[in-house]
Amino acid sequence: MQKLLLTYLLLLPVYAFSQLTVSGKITAVTDPSGLPGVNITIKGGTQGTISDLDGQYSIVAPADAILVFSFVGYRTQEISVSGKIRIDVLLEENAQQLSEVIVTGYASVSKRDLTGSIVSVKSDKFKEISINGVDQALQGQVAGVQVTQSSGTPGGGIAVRIRGSTSISAGNRPLFVVDGIPVETGSLSARNFGGQTDNALAMINPNDIESMQVLKDASAKAMYGSRASNGVVIITTKRGSKNSNTKITLDVQRGVIDPVNKLKLLNATQLLELQREAATNAGENPEALGLIPGITNGVSTDWQDEVLRSGIMQQYQVAVSGGDNNTTFYVSANYRNEEGVQLNNSFERMGATLNFDQQVSRKINLGTNLTLSRTLNNRVKGDNFLDGVYSGAIKSLPYYVPYDENGKLIGPGSGMYAGFPNFNPVAQALLPRFETLTLKLIGGLHATYEIKPNLRLKGQVSIDYNDITEDQYESSQTAIGGFLPSVGGQGYGVFIAQAASNMVSNLTLSYSKKFSDKHSFSGFIGTEVFRTFYNGGSVQGRIFPSDDFTYITSAGVVDAGSSSKSPPGGLFSIFAEGRYDYDDRFLVTVGMRTDGSSNFGPNNRFGYFPAISAGWRISQENFFNASAITDLKLRGSYGFTGNERIAAFQFLGLWNAATYNGNSGVVPANTANPNIKWETTREMNLGVDLELWQGRLQTSIEVYHNKTSDLLLNRPYPFTTGFGGIPDNIGDMENKGIEWSATSVNIDKAVRWTTTVNISKNLNKVLFLADSIPLYRGYTAEGVDATNIVKEGHPLGTFWGLNYLGVNPATGNAIYEDVNGDGLINNSDAMVIGNAQPKWIGGITNTFNYKRFDASVFFQFSYGNKVLNFTKATLVNMGADLQSNQSVEALRRWRKPGDVTDIPRYELNSTLNNLHSNRLLEDASYLRLKNLSIGYTLPPKLTQRWMIDQARIYVAATNLFTFTKYTGSDPEVSTLDGSTTAQGIDFFTLPQVRTISMGLNITLR
């Protein structure tokens, strides 16, 4: 016993002064995957470190030291080392300080310490909404973010604008970054079907997403420099948790889909009466035109009922996640199939995700993320296509039928075929094959090396690869394959193959240090190389032996094709950011990114994008003692972002191949402009964050002013030069606005009721254009040059047309304002008649919980925007022709002297009463019940007997009700999908769809 005591006394000083490397993982009950940014210090000293993105930490400390773990929103813990080399910590939440961690791209920060404008959208906000693409999940969820679904086509285009549009001709879509990889957005298909495109983001499974961070101001976006002016959306996918049991999650959802609205059109008898009246008013004999009562209207087909249906939506997912002390994993497989409401239209997606992390050693961590997806989009022609399905159903005369007496579809070879422009819409839906098969791979490898506990080196290599194959055939019984003379009447086929990929590699060195109780600093420097690759080809054939042979190899004539390969382009970047925190009161963030782009010439190849932001937490000041206010922070930012999304190599003088008189050669395509440079946006932002009553109410308000300079446009040249113009920087534009968001816990007892609301207003204006020649956009229209115009002093999306003053009660003719007083009505009398920009947008979500029941009600709205109901130019055409059905609005037309109405008289072949004017412009404000869900979690005593940890059943409805004065099919649609200058046009566009579904979530452990 004496020897043992002596040994202990001799070793005690050695133990007390020995240094150990202590490591571990910091988690919370609400975040078992790990808490990043936790401060770890040695009590009584200045040495410390910060946990990494996975919650891992490592620190050298004396064997008898006490470690202090502190993090905003959680209770500080003190733990004695006592000779242990591994200490895992579970932090407890502090309701007064709880704040989520925000991923900002190359780093992360507590929401409480943000100095820029960033909003986080967690997966529980959209997990039960029936959506195809991740971008749809942002609609109505974030102040300042406008999301428009251009039509009800499954897998179709989505327009996303963050704080307005910053460019006229360059891209306006935000940059989407998935696990550090910038991914393709917008359309991948080589064909637009009447203005509608596909959506690359529909290939990413929303159920694999953990959260999305929306970066809105210069400080938040600074690390993305030349690609950040349109905003950045950072998507983080789900990962496994260390030291957790393996968890298996099963999700099943099935539902029914219907269009939200159908247009009210005339039946055969009503239309015949109208057409006879129009012919009579023009001095024509109706019978001579075939307008004979009892014969012409012998049938009355409702073409909308013929081509529209109730579709079935179904999706399934299984996910397995977990991990031990050194390894974590997340694996999922998913399948979704959605039938469109148009015949033969569907979207199918299947995919798998693997996220894997391995702690190779105490200093080295390796990880990978891999997503594979396959989509099959069975498309149909839509919108303003003459041979479109929905457009054909709206326009087609009710005098015809889709099938003959033998039940066979009526086509060009039948005597019952109406011909141009009344092609059989049912045949146009069922007979063509428009298959778009897309394969997508998003993959990345990353490694982190801990040089010191507060100094880490991280490298990442990633790819976004897209392979697109389009197989199309239009049979001899369709408008193109059988009716169009130039095709030959024996079928028409097209085959297109493309491959597009982005590759990125980056290296970052991060450092963090807490110098004392009051001073802390973190920052990083990095470099990145981003490359893009593209190649593609197409071939078309016609004159097929029969409609049983539908591939190009069987075509009698293969007379068109092309192939192309773009030289690799991309960016080389250097960036750095630093954050300083003094006493939890004063916060400063400084960032800078330099980008060199292959899109610009040697004179302006590099762009420089600095940003600075600061915050003052007033609630931490000694003079502040408002007990109701838990947190009050002022913040502001200033900086520059860029836009380099233009066609590659426009700074060069390019040549194209050409043929003349059977000989091949080359011709100049455009003149060189080595001075072309970046579009640059100067951004200013001011914000106030307020938290009341221990977090019961959290609210933020922000104002911003963004000015974009050096807009890229085509400077007009006289055509005598051989060129229409040259790309140049010749314009300025601004966006300014205000945003407000709030989250409140209204009741927190047996019933818990929370509300989240956001409202925003953006004012867009074109400040300067270098040339006085009007920039007409959109469609040509009767009596004016275009439906839209880009004009100084007005916003993008401005509508152009005549001022409609009403109907002359004496004559029934339309009255338009003769602006120049020359007695003529033409484009010289046209003016700005409105714009598509909403005055306010927003959303409100109410969530209720009672025992095992839960419910969520989400409303989304847009106020003050106009939509050009261009469909009415055909459906209320005042007798311009007899080839289209008409809207029931025509029933209130002028018929006799003295009639007071807003619809002029119908007169065959007269266009005077149907000139393009604000008669077609409507208020498209709406309030939509976007999502309603009710769920019930089964009691454990019922589920555990089947080894089920948790089971929840629910019903959900999407686009359940829409309140609007708009008379078209849907106030949200936009024919020219993604257009900035011609947004808000409804030209035979398929409305949104309503989905009612049931679902089941099961968790097994």
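**Nonpolar cores and aromatic contacts**

The charged end of arginine 928 lies over the ring of tyrosine 926, at 5.2 Å from the ring centre. This structure is a predicted model, and the points below take up its charge-over-ring contacts, its aromatic pairs and its nonpolar cores. In the whole structure, a search finds 24 aromatic pairs, while the largest nonpolar core holds 45 residues.

**Charges over rings**
- Besides the placement of arginine 928 over tyrosine 926, the charged end of arginine 433 sits over the ring of tyrosine 551, 4.4 Å from its centre.

**Aromatic pairs**
- Among the 24 aromatic pairs is that of tyrosine 638 and phenylalanine 640, which is edge-to-face because the ring planes stand at 90°, with the ring centres 5.7 Å apart.
- Both partners count as partly exposed, tyrosine 638 with a relative accessible area of 39% and phenylalanine 640 at 26% relative accessibility.
- A cluster linked by ring pairs is made up of Tyr106, Tyr224, Phe524 and Phe575.

**Nonpolar cores**
- Within the 45-residue core, the residues with the most contacts inside it are Ile394, Phe799, Leu868, Phe870 and Ile985.
- Two or more residues of this core come from each of helices H4 (303–307), H5 (389–395) and H6 (425–430) and of strands S40 (798–801), S41 (804–807) and S42 (814–816), and H5 gives the largest share, 4 residues.
- Leucine 868, when neighbours within four places in sequence are set aside, is in contact with Thr787, Phe799, His916, Leu920, Leu921, Gly984, Ile985 and Asp986.
- A second core, separate from this one, has 26 residues, including Ile129, Leu138, Val145 and Ile158.

Terms used. Residues numbered from 1 in each chain as written. Predicted model: local features only at pLDDT ≥ 70, side-chain atom pairs only at ≥ 80, totals over all residues. Heavy atoms only, no water. Core = buried A, V, L, I, M, F, W, Y, C linked by side-chain atoms within 4.5 Å. Buried < 20%, exposed > 50% of the residue type's maximum accessible area, 1.4 Å probe, protein only. Contact = heavy atoms within 4.5 Å. Phe/Tyr/Trp six-rings, centres within 6.5 Å; stacked < 30°, edge-to-face > 60°. Lys NZ or Arg CZ within 6 Å of the ring centre and 35° of its normal.
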